[in-house]
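Here is a short tour for a reader who has not met this structure before. Keep the sequence and the 3D view side by side as you read.

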Amino acid sequence: MSNQSINAHRLLSRIRELGTIGRDEEARLIRLAASDTEKLGRDLFKSWLEDAGLEIAVDQIGNIFGIWRPEGTDDQPPLLLGSHIDTVINAGMYDGCYGVLSGLEVIEILKAEDFVPKRPIAVAAFTNEEGVRYAPDMMGSLVYAGGLGVEEALGTIGTDGTVLGEELERIGYAGNEAPGFLKPHAYVELHIEQGPVLEREGVSIGAVENLQGISWQKVTIDGDANHAGTTPMSMRRDAGHAAARVITFLRERAKASNTPTVATVGCVSFEPNAINVIPSRATFTVDLRDPDEGRLKAEEAELATFLNRLAEEEHVDVSVERLARFEPVTFDRSIVAIIEKAAGDRNLSCRRMTSGAGHDAQMVARIAPSAMIFVPSVGGISHNPKEFTADSDLIAGANVLLDVVRKIAANVE
Ligand code: HGY
Ligand code: MN
Ligand code: MN
């Protein structure tokens with residue numbers, strides 16, 4: 001067992017410092033991809049990469065890499081660590097940032113001691129993991145893994161009408177490196193669980209062996225605006241009511257199923273959005289997830305059938321736009337085993353698990369053996385300012401990452 005540990009004070013203070021960047025007047029944390037506030041977070045992360053003496057590279061989709069290339073390792077592909085520093089709206093301060101800053105911390109610790117890796121070690125902050133402003137989510141790592149063309153990604157129109165490529169230019173993170181310029185030997189991502197499992201079972205470390213499939217769609221329902229007072233119920237083409245039926249359909253189906261299927265409608269808007277006008281248009285998003293691809297496909301088909309029936313019954317027009325679709329991913333068994341052993345060597349309880357959330361690791365897994373390490377989320381809360389992980393768990397997770405990196409980087413098999 002290694003007796004070396006990370007510098008807990010440095011890691012925790014960086015997590016807290018980055019957590020102050022991008023707070024609005026109500027102190028809500030909002031660092032949406034390629035926004036002014038995210039630029040400030042990127043600048044801070046880059047300054048820490050510079051302080052650590054790492055080579056810095058930014059690719060054309062704005063992914064930031066800090067690379068440690070010890071003498072004589074250049075003929076080997078790097079071990080890659082990382083996650084993301086963009087956030088959702090009114091976010092917690094650990095989601096993504098914990099993995100990026102722990103990756104940097106591990107590199108700094110190994111660099112400072114006489115550890116000589118057999119390969120370079122790098123840490124990445126991937127662009128637009130959250131997908132809140134520009135869909136799909138995990139976009140930067142998807143482009144990096146060759147799953148989406150960089151020009152197509154840069155041309156993405158945001159929920160605010162901006163163009164991603166122009167925003168990256170504007171904030172100074174439209175890099176020169178071609179996506180995938182740095183092909184990794186392997187990828188390990190440390191992340192908070194964002195769910196209730198580890199805390200409920202009193203387990204310190206999650207060795208994540210797979211990640212569920214994700215289906216994002218935008219649904220637009222068109223009816224007729226009409227007077228709320230004069231229009232008899234039988235004469236209405238009420239887009240708002242039709243949308244409400246879909247939301248209820250999705251929730252009741254997911255709740256009634258005895259499978260891990262989850263369904264969420266996170267965004268809803270009505271037009272003209274006036275108290276005394278029957279909505280002419282309803283626009284909303286549908287997030288469906290399931291660890292089983294067959295079930296996920298079946299849920300999508302059930303929704304499509306319901307929407308057709310709804311159009312008939314409510315005399316409305318329904319259109320659907322695909323925003324994201326990722327199949328379930330299985331991570332690398334040998335890295336999962338290394339994670340389990342590293343946890344055991346530190347006398348930390350550990351269990352294998354599935355990730356309910358999407359992560360950059362699911363994209364990097366397309367081009368290199370990848371796996372994830374989870375630490376507990378208090379109350380299973382995330383994507384919420386109440387998101388919290390105890391310092392002791394944050395430190396334990398980063399120490400497991402340190403040992404996993406030491407193990408993988410010490411060999412060239
Ligand atoms: O949607 C997700 O699961 C991730 O937070 N982007
Ligand atoms: Mn995340
Ligand atoms: Mn997230």
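In sequence, the donor residues of the manganese ion (ligand 3) follow the spacing D-x34-E-x252-H. The model is a predicted one.

## The manganese ion (ligand 3)

Which residues supply the donors? Asp-95 gives an OD atom, Glu-130 is listed twice with OE, and His-383 gives NE2. These donors coordinate the manganese ion (ligand 3) at 2.1 to 2.7 Å.

Now place two of these donors on the chain. Glu-130 sits in the loop between strand E4 (121-126) and helix H4 (139-144). His-383 sits in the loop between strand E16 (370-375) and helix H12 (391-409). The pair therefore ties together parts that are 253 residues apart in sequence.

Is each of them buried or exposed? Glu-130 has 8% relative accessibility, so Glu-130 counts as buried. His-383 has 42%, so His-383 counts as partly exposed.

## The manganese ion (ligand 2)

A second site follows. The manganese ion (ligand 2) is coordinated by His-84 (NE2), Asp-95 (OD) and His-191 (NE2). The range here is 2.1 to 2.3 Å. Along the sequence, the donor residues are spaced H-x10-D-x95-H.

Which residue connects the two ions? Asp-95 bridges the manganese ion (ligand 2) and the manganese ion (ligand 3). The ions lie 3.5 Å apart.

Asp-95 and His-191 link distant parts of the chain, 96 residues apart. Asp-95 is in the loop between strand E3 (79-84) and helix H3 (97-112). His-191 is in strand E5 (residues 186-192). Asp-95 is buried, with a relative accessible area of 6%. His-191 is buried too, at 1%.

## Ligand 1

Next comes ligand 1. The residues around ligand 1 are Glu-129, Glu-130, Asp-137, Met-138, Trp-216, Arg-289, Ala-357, Gly-358 and His-383. Two names return from the metal site: Glu-130 and His-383 are in this list and also coordinate the manganese ion (ligand 3). By type, the shell divides into three nonpolar, two polar and four charged residues.

Some side chains in the shell make polar contacts with oxygen atoms of ligand 1. The table gives them.

| Side chain | Partner | Distance |
|---|---|---|
| Glu-130 | oxygen atom of ligand 1 | 3.0 Å |
| Asp-137 | oxygen atom of ligand 1 | 3.0 Å |
| Arg-289 | oxygen atom of ligand 1 | 2.6 Å |

How much of ligand 1 does the protein bury? Taken alone, ligand 1 exposes 210 Å², and the protein buries 95% of that.

## Residues within helices and strands

Ser-141 belongs to helix H4. Ser-141 has 0% relative accessibility, so Ser-141 counts as buried. The side chain of Ser-141 reaches the backbone oxygen of Met-138 at 3.2 Å. Met-138 is also among the residues around ligand 1. Leaving aside neighbours within four places in sequence, Ser-141 is in contact with Asn-63, Phe-126, Asp-360, Met-363 and Val-364.

Glu-38 is part of helix H2 (residues 36-51). At 1% relative accessibility, Glu-38 counts as buried. Beyond neighbours within four places in sequence, the contacts of Glu-38 are Arg-31, Leu-32, Ala-33, Ile-85, Asp-86 and Ile-171.

Phe-284 lies in strand E12 (residues 281-290). Phe-284 is buried, with a relative accessible area of 1%. Again leaving aside neighbours within four places in sequence, Phe-284 is in contact with Gln-217, Lys-218, Val-219, Ile-221, Ala-243, Val-246, Val-265, Cys-267 and Val-268. Phe-284 and Gly-266 are 18 residues apart in sequence. In space they are 7.6 Å apart, C-alpha to C-alpha.

Is Arg-251 buried or exposed? Arg-251 has a relative accessible area of 53%, and exposed means over 50%, so Arg-251 is exposed. Its place is in helix H8 (residues 239-256). Arg-251 and Ala-304 are 53 residues apart in sequence and 15 Å apart in space, C-alpha to C-alpha.

Terms used
Residues numbered from 1 in each chain as written. Chains lettered and ligands numbered in written order. Predicted model: local features only at pLDDT ≥ 70, side-chain atom pairs only at ≥ 80, totals over all residues. Heavy atoms only, no water. Near = heavy atom within 4 Å. Polar contact = N/O pair within 3.5 Å; in protein donor to acceptor, adjacent residues only side chain to side chain. Areas by Shrake-Rupley, 256 points an atom, 1.4 Å probe, with all protein chains shown as cover. Nonpolar A, V, L, I, M, F, W, Y, C, P; charged D, E, K, R; others polar. Donors = N, O, S within 2.8 Å, 3.2 Å for Na, K, Ca; no water. Helix = DSSP H or I, 4+ residues; strand = E, 2+ residues; numbered from the N terminus. Buried < 20%, exposed > 50% of the residue type's maximum accessible area, 1.4 Å probe, protein only. Contact = heavy atoms within 4.5 Å.
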